[in-house]
Amino acid sequence: MNAALATSSQRVVVEDPMVPRSFVVTRTRQDTRDTATLWLTAMDGAPLAFEPGQFTMLQAYGVGEVPVSISGDPADDGVLQHTIRDVGSVSHALATAETGARLGVRGPFGVGWDVGTARGRDVVIVAGGIGLAPLRPAVLEICANRAAYGEVTLLYGARTPAERLFTDELPRWAAEHGVAVHVTVDRSDDSWRGPVGLVTGLVDRVVFRPELATVLVCGPEVMMRHTAAAFLDRGVAPADVRVSMERNMKCGIGLCGHCQLRELFICQDGPVLGYGLVASLLTQAEL
Amino acid sequence: MRTIAEDLPGHPFFAGLDSDALALLAGCAVNMHARPGEYLFREGEPADSFFVIREGRVALEMRLPTGAAVLDTAEQGEVLGWSWLVPPYRWTFDGRAVDHVRAVRFDGGCLREKCAADPDLGYAFLQRIVQVMSQRLHSARVRLLDLYGAS
Amino acid sequence: MVANPVVDPAAGVAPGDDRTVDLTGLQTLIDVLAGRGYAVLGPVVKDGSIDYGPVRKVSDLPVGWGDEQAPGSYRLRRRDDDMIFGYANGAQSVKPVFFPASEVIWRGLRDAEGAVVPRREQHDEGPYAVVGVRSCDLHALGIHDTVLLGRRFADASYAVRRADAFVVAVSCSDPAGTCFCVSMGTGPRPTAGRGAPFDLAMTELLDATGHRFLLEAASERGVEVLREVGGRIADERDRSDAASVTESAVGRMGRWLDTEGLKDLLYASADSPMWDEVADRCLSCQNCTMVCPTCFCTDVEDVSDLAGDSMQRERVWDSCFDSQHSYLHGGSVRRTTKARYRQWMTHKLGSWIDQFGTSGCVGCGRCIAWCPAGIDITEQAAVLREES
Ligand SMILES: Cc1cc2nc3c(=O)[nH]c(=O)nc-3n(C[C@H](O)[C@H](O)[C@H](O)COP(=O)(O)OP(=O)(O)OC[C@H]3O[C@@H](n4cnc5c(N)ncnc54)[C@H](O)[C@@H]3O)c2cc1C
Ligand code: SF4
Ligand code: SF4
Ligand code: FES
């Protein structure tokens, strides 16, 4: 992909990472009040292989383009899956895209969860809200190679019971793949029988070996900070806690400068980063 | 069957308290259980209990015209209730058993007396209660941000 | 550190290839470059500043023009001689030549089913020959080569424009009061192997004996061009006169930036009161980022025609001083001017080093001259140093 040049022959560009490929929406599912999952296939038929935790720059033609993590199964590169929460103009156009609609896709970009390096270790996955979407491919990859991992736990905090994602899959991960699944909600009514409270409140009940644990965290920045702190308190090394960062992104490929967090380009160095690398940057206001 | 005094050290809340202290505290305690849906306490009632939950989950609820909002839950390994410690000793929420709950119930008045009589014990006990209060306050504050929702 | 991706072409070039020409020879140089198919660009007076524009005749160049620059002010002045490259610099470096302020990335036409089909926009302007690139700007160009070409992903259109470009660098003779290239190690004389590669280095010599231009070849292409241009083989006097020009320029730097440990200083100073103080004066106008030869931030904009039949996506320059630059749903990360100024200065002088292996400042002084509030990056750095 590097167009580094030494000669004078390179005047015709074959591949430009800023130009999207068109994908067609083949299926949609309304997950919650404001969140939908899209299944997409490439018009050119070429597969889109990705690492769990990577994202694409997803574009509603004429509306705009935003970074969205891939929420699908890394073992299936023929289908691109995105789970999108409707929060503004572009995400609205994406979350309400109908079957047959065409969307522009660039990517996949960025550094993912690097799940493979957690083999032989205990894995604790902590998701808050829409943060479960970028973690789902990691869960699926771990489930597909479950024997390679030690204790696997998923802590998931949602706003309300109705706003939980992947509700059909959570029990399956628990029952079929031995993942200890704990779900908590911020607020509830008396129909909810599970815990109410912060996801950090669940950390104490996780079984893991601190020196042999890899913790993957995705959610709002405040939630990730507090979660990381809870695991550091329990003896996990900062480098073993990985967080997925969000910053404004206009290119996804390290060129536009928008995603900078001091020396980091979140789009290329991240979005998944060792907590040790970002901890001090996250407590600094407006960095 | 094990006595309450024998059981308490196994609960995280009491970790680090010596056996004398535990024996003293156990004098205020009885075992109890609640069926799913049963209230351990109701808003506005005199708060004379401190619960150490050994099994099950209790929901802290606020009654609304449209139903009940669950603000917090406490479960196995956690404790519940500090209204017995602060005047006017009245419950500010409902406490409802979500599932079958087994707990140790301490009498609030008895605890207050013991703590007043033995300041070292009182300090150790309060320290633990404050830690619980601080965690719950933290949880409430962060949830106030409505991090997953704000739209 | 990321290596400069544009291969150094200076290998195999000997001093015996260097030529000295007079004004006629300078015209010949322009003609030879044009004859070889280059669109020749050079400094021209435009809108009260010096800009790059098409050059056909020597008289298109800023003959007899100089400049005066100070914090918050830029003024062209008439020189009392006929120096052509006797100004320091203009509002823009060569940056817009290779990296335009706005360009179409792709156009989408609707197919029979009404769906948008994106097609990359081919940018095949040029090839350009740019005459009169200052050493500081050459370093800035080298930085852009690293940022835009030297990493995993490249700016494809920049790559095309850079590919064939012929660069005639020029030595500074009359630096401005805002210049500090010497402290940044970026000037005032173009040096092969430092900054972006160039083909010819020119030193303008004007004395009682007349108007001379020492042309030193720095690439094979440069040698070829010089052969065609002709002129006499450069001699020792030409070289020593050129050295004096540089020496005198070095002695007249308007400013100095102490770069020692600057990155760590900036990283440690995120809470300094300096940021509050400077934010009181900073207008967040973005001028500094627009004139800076190394700033590379861009945004994208979609433009649709009214009927919605076609649309195009454009890449436009952006600035970290823009309130939307760090926008996330719910608000911007850097809401205050203080945070934006801190981002700018910390990036230029600090985090740039971690990202690209060099400072992001080449000491051209533009941000000082073009700041309506006269904020001076060298002064702000000095304040941090005093505080520490
Ligand atoms: C690496 C990464 C992965 C993401 N994955 C998902 C995902 O899987 N599902 C999902 O629903 N959302 C995800 N997001 C967030 C998503 O990009 C934003 O919700 C979206 O950009 C909002 O755009 P908008 O136009 O609808 O909102 P507006 O509030 O109108 O935003 C205007 C513009 O600001 C920028 N912007 C606003 N919020 C964000 C943000 N949070 N992150 C980056 N840019 C922003 C965008 O350019 C956007 O177009 C991800 C963000 C990042 C950085
Ligand atoms: S972040 Fe600011 S200082 Fe850095 S390149 Fe972008 S506009 Fe320039
Ligand atoms: S920061 Fe200022 S002095 Fe440095 S290169 Fe940019 S415009 Fe020139
Ligand atoms: S998103 Fe453009 S540089 Fe990271």
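**Exercise 1.** Which element supplies the largest share of the lining of the largest cavity, and how many residues does that share hold?

*Solution.* Start with the share itself: β13(C) provides 3 residues, the largest share of this lining. Keep in mind that you are looking at a predicted model, in which local features need pLDDT of at least 70, side-chain atom pairs count only at pLDDT 80 or more, and totals for chains, interfaces and linings use all residues. Residues are numbered from 1 along each chain as its sequence is written, chains are lettered from A and ligands numbered from 1 in the order in which they are written, and side-chain values use heavy atoms, without hydrogens and water.

Next, the terms. A cavity is a set of points, on a 1 Å grid over the protein atoms alone, where a 1.4 Å probe fits but cannot get out, and a lining residue has an atom within 4 Å of a point. Helices (H or I, at least four residues) and strands (E, at least two) are DSSP runs, numbered from the N terminus.

Now put the cavity in place. Searching the whole structure turns up 9 cavities of 30 Å³ or more, and the largest has a volume (the space filled by probe spheres set on the points) of about 170 Å³. Its lining has 18 residues, with Met18(A), Leu255(A), Ile105(C), Asp155(C) and Arg315(C) closest to the centre. Two or more lining residues come from each of β6 (102-110), α4 (156-163) and β13 (298-304) of chain C.

**Exercise 2.** How do the residues lining the second largest cavity divide into nonpolar, polar and charged?

*Solution.* First, find the space: the second largest cavity holds about 130 Å³. Of its 17 lining residues, Cys282(C), Cys288(C), Tyr341(C), Cys371(C) and Ile375(C) lie nearest the centre. The elements giving two or more residues are α10 (287-291) and α11 (337-356) of chain C.

Then sort by class: Ala, Val, Leu, Ile, Met, Phe, Trp, Tyr, Cys and Pro count as nonpolar, Asp, Glu, Lys and Arg as charged, and the others, Gly among them, as polar. The result is 13 nonpolar, 3 polar and 1 charged. For the largest cavity, the same sorting gives 10 nonpolar, 2 polar and 6 charged residues.

**Exercise 3.** Why do β4 and β5 of chain A each have one side without a neighbour in the sheet?

*Solution.* Write down the strand order: β4-β3-β6-β1-β2-β5 of chain A form an open sheet of 6 strands with antiparallel pairing. β4 (64-69) and β5 (80-85) stand at the edges with a single partner strand each, so one side of each has no neighbour in the sheet.

Now zoom in on one pair. β1 (residues 21-32) and β2 (residues 35-42) of chain A pair antiparallel over 8 bridges; strands count as paired if DSSP finds at least two bridges between them. Here Thr28(A) sits opposite Leu38(A) in β2(A).

**Exercise 4.** How many Å separate the domain centres in chain A, and how many in chain C?

*Solution.* Take chain A: its domains, with bounds from an automatic or database assignment, are domain 1 (4-109) and domain 2 (115-278). Their centres, taken over C-alpha atoms, are 23 Å apart. In contact (heavy atoms within 4.5 Å) are 27 residues of domain 1 and 23 residues of domain 2 of chain A.

Now chain C, with domain 1 (15-250) and domain 2 (262-387). Here 25 Å separate the centres, again over C-alpha atoms. The contact takes 43 residues from domain 1 of chain C and 38 residues from domain 2 of chain C.

Definitions and conventions
On a 1 Å grid over the protein atoms alone, a cavity is a set of points where a 1.4 Å probe fits but cannot get out, and a pocket is an open set with protein on both sides within 12 Å along at least five of seven lines; lining residues have an atom within 4 Å of a point.
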